[in-house]
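Biologist: Hey, got a minute to walk me through this model? I'd like the overall picture, then a couple of residues.
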Amino acid sequence: MLNAVIIFMVCISCIPYYFKYEKKKPQTRESVVLAVMIALTVASRMLFAFSPGFKPVSAMVIICGMAFGRESGFLCGSLSAVVSNFFFGQGPWTPFQMLAWGIIGWIAGILNQRKWLENSKILLTIFGILSGISYSFVMDIWTLLAAGDGFQWMRYVAVLGTSVPVTIEYCVSNVIFLWILTPVFVKKLNRVKYKYGFFKDEEVRKLINQ
């Protein structure tokens, strides 16, 4: 019963973020670009299906949040989890993936409002590592619930300890993919924002002319 309540609460916690995006009244072109980013994120997860912990999903979600803001970052993360799980398998773990990747995209959007992540490889690296740790923390809640007997703090700490190798793999993959993908994707997405009038700030103009 407790497990069902926790899973339900995780599902409900995603809803405010969707309302927040809808409240922005996004233009059709923004939704189309977001759909493309979700498709690319899903494709990247499927491409690395052979490697459970080494995937570019978090990096793609972070880049989406950096480029288009926190609401888009959350939607990219959460919807990528749902869509890709039609291939990997849906289950009670899906809401946890939705929340974990969604929050990563949301925070990336907040941190990059002043271009902090774009302009600092050190901050981008730190955020990639913290994203890997936070994703593991959220998913280990599901691991504990799946084992039965509800949530217990001591058992949760034990699960976190046993998952350290996988968490390290998450962190390393995030950093590697962020280093590789950020310079290419962010510049391309800035061009898209400028071309289609998403943002008209002078900073974007400077990036386009680089």
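Modeller: Sure, start with the contacts (heavy atoms within 4.5 Å): among those between residues at least 6 apart in sequence, 71% join residues at least 24 apart. Mind that this is a predicted model, where local features need pLDDT of at least 70, side-chain atom pairs count only at pLDDT 80 or more, and totals for chains, interfaces and linings use all residues. Residues are numbered from 1 along each chain as its sequence is written, and side-chain values use heavy atoms, leaving out hydrogens and water.

Biologist: How many helices and strands are there in the protein?

Modeller: Ten helices and zero strands. Those are DSSP runs, numbered from the N terminus: helices are H or I with at least four residues, strands E with at least two.

Biologist: And what share of the residues is buried?

Modeller: 47% of the 210 residues. Buried means under 20% relative accessible area, exposed over 50%, and partly exposed in between (1.4 Å probe, protein chains only).

Biologist: Okay, Arg 45. Where does Arg 45 lie?

Modeller: In helix 2, residues 28-47. Arg 45 is buried, yet has no salt bridge, meaning a side-chain nitrogen of Lys or Arg within 4 Å of a carboxyl oxygen of Asp or Glu.

Biologist: Which side chain of opposite charge is nearest to Arg 45?

Modeller: Glu 169, 13 Å away. Lys and Arg count as positive, Asp and Glu as negative; His and the chain ends aren't counted.

Biologist: What does Arg 45 touch, then?

Modeller: Not counting residues up to four places away in sequence, its contacts include Phe 88, Gln 97 and Trp 101.

Biologist: Switching topic: is Trp 179 buried or partly exposed?

Modeller: Partly exposed, with a relative accessible area of 42%. Trp 179 sits in helix 9, residues 164-195.
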